[in-house]
Amino acid sequence: MASAMSKTPAYRAGYVTLIGPPNAGKSSIINALLGEKLAAVSDKPQTTRNAVRCVLTTERYQIIVIDTPGLHKPKYALGAFMAGEIEKALGTVDAACLVVDVTKPLDDSVREISERMARSGVPLVLAANKIDKLRDREDFWKYLEMFQAKLRPSSVVPVSALKGTNIGELGNELAKYLPEGSAIYDGDVLMDATERFLAAEIIRERVFEAAEQEVPHGTAVVIEEFKSPDEYPDMKRISIRADIIVERPGQKGILIGRGGRMLKKIKTESKRDIERRFGWPVTLDLWVKVRPGWRKSNEGMKMAGYTR
Ligand SMILES: Nc1nc2c(ncn2[C@@H]2O[C@H](COP(=O)(O)OP(=O)(O)OP(=O)(O)O)[C@@H](O)[C@H]2O)c(=O)[nH]1
Ligand SMILES: [Mg+2]
């Protein structure tokens, strides 16, 4: 209980990286923590490609939460880039938050990463996600015990990013591992990313949700032109020209769709989401272009904007 003698707890600020298998719900947890749709989410694994920094500021702490690509064995230059993004994020953090889907068996990558965290001394908070999918309480306790025994995290927080269950508790738990200190970012900063990057991610998310199977993984979105009222105050709207890059002509056909229907859907949804994000009307000029094997070569990766 607060008394005249009790000291207000010191402000804490620092970095936490989210890490875990593809599709576990890392980006969904970021969006739930921030209460805003910031990171791209889709039902396809390997949606996230870049380590994206989001900033959660409360009265007691500021957590810079780094979203990372799902842990997987890299096949192409793109996969290697994604693995590099995970490494880079892990190098600088005060704690790691391992996100797992409680309905999936634990894979080796999860065990490896938890062992590695234990060796490095970085505290590991386990976010046991998608608890809304568990059928009964017994399942729930069974999973928690299994995670405790196998991964030995510093703490476990069961959550549902989808329903928002226990998300505040997860933030509070992560904050315990941050050093005392003042905020690193201004309180109104939500994300350390450019508007161009955000717009490209919104379009890429729409491609990931619209297209089936392997097609999304061979795509990238390149913003060729981005004009906003910030730069051109007379405009009163955002004007974007963007290319969806694919690896093969067949994929271009799929993304355009019969009578152009698929591309139209991607465009309408992207425009809607970009308008929501930036609060301006949007003109979106969207093209599909073939760049054979772009994600396998350095030049292709550079063209698609995946360079450090
Ligand atoms: N039922 C349920 N689904 C969820 C929950 N959290 C995320 N999802 C769904 O799981 C899928 C993957 O979510 P993402 O947030 O993109 O997962 P991720 O871990 O960031 O995936 P990658 O970036 O591909 O590594 C999406 O279809 C989400 O809607 C949850 O708590 N419950
Ligand atoms: Mg993600």
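A polar contact is a pair of N or O atoms within 3.5 Å, and this cut-off applies to the backbone contacts of ligand 1 in the predicted model shown here.

**View 1. Backbone contacts to the oxygen atoms of ligand 1.** A polar backbone atom of S42 lies 3.3 Å from an oxygen atom of ligand 1, a separation that falls within the 3.5 Å allowed for a polar contact. For L162, a polar backbone atom and an oxygen atom of ligand 1 are 3.1 Å apart, while for S27 a backbone N or O atom is found 2.9 Å from an oxygen atom of the ligand. Of the 650 Å² of accessible area that ligand 1 has on its own, the protein covers 90%.

**View 2. The residues and the pocket around ligand 1.** Ligand 1 is surrounded by 23 residues, of which K26, S28, Q46, T47 and D132 come nearest. Helix 1 contributes three residues, the largest share of this shell, and the space that ligand 1 takes up is the second largest pocket.

**View 3. Coordination of the magnesium ion, ligand 2.** The magnesium ion is coordinated by the OG atom of S27 and the OG1 atom of T48, at 1.9 to 2.2 Å. Because S27 belongs to helix 1 (residues 26–34) whereas T48 sits in the loop between helix 1 and strand 2 (52–57), the pair ties together parts that are 21 residues apart in sequence. Both S27 and T48 are buried.

**View 4. Q46, a residue with a positive phi in the loop between helix 1 and strand 2.** Although Q46 is not a glycine, its phi is positive, at about 65 degrees; most residues other than glycine have a negative phi. Q46 is located in the loop that joins helix 1 to strand 2, and it counts as partly exposed because its relative accessibility is 26%. Q46 is also among the residues that come nearest to ligand 1.

**View 5. K236, a residue with a positive phi in the loop between strand 7 and strand 8.** K236, which is likewise not a glycine, has a positive phi of about 60 degrees. The loop that holds K236 runs between strand 7 (220–227) and strand 8 (238–246), and K236 is exposed, since its relative accessible area is 53%.

**View 6. K264 in helix 8 and its separation from L286.** K264 is part of helix 8 (residues 261–278) and counts as exposed because its relative accessibility is 60%. Along the chain, K264 and L286 are 22 residues apart, and their C-alpha atoms are separated by 9.2 Å.

How values were computed. Residues numbered from 1 in each chain as written. Chains lettered and ligands numbered in written order. Predicted model: local features only at pLDDT ≥ 70, side-chain atom pairs only at ≥ 80, totals over all residues. Heavy atoms only, no water. Donors = N, O, S within 2.8 Å, 3.2 Å for Na, K, Ca; no water. Helix = DSSP H or I, 4+ residues; strand = E, 2+ residues; numbered from the N terminus. Buried < 20%, exposed > 50% of the residue type's maximum accessible area, 1.4 Å probe, protein only. Near = heavy atom within 4 Å. Polar contact = N/O pair within 3.5 Å; in protein donor to acceptor, adjacent residues only side chain to side chain. Areas by Shrake-Rupley, 256 points an atom, 1.4 Å probe, with all protein chains shown as cover. 1 Å grid on protein atoms, 1.4 Å probe; cavity = no way out; pocket = protein on both sides within 12 Å on 5 of 7 lines; lining within 4 Å. Sits in = over half its atoms within 2 Å of the grid points.
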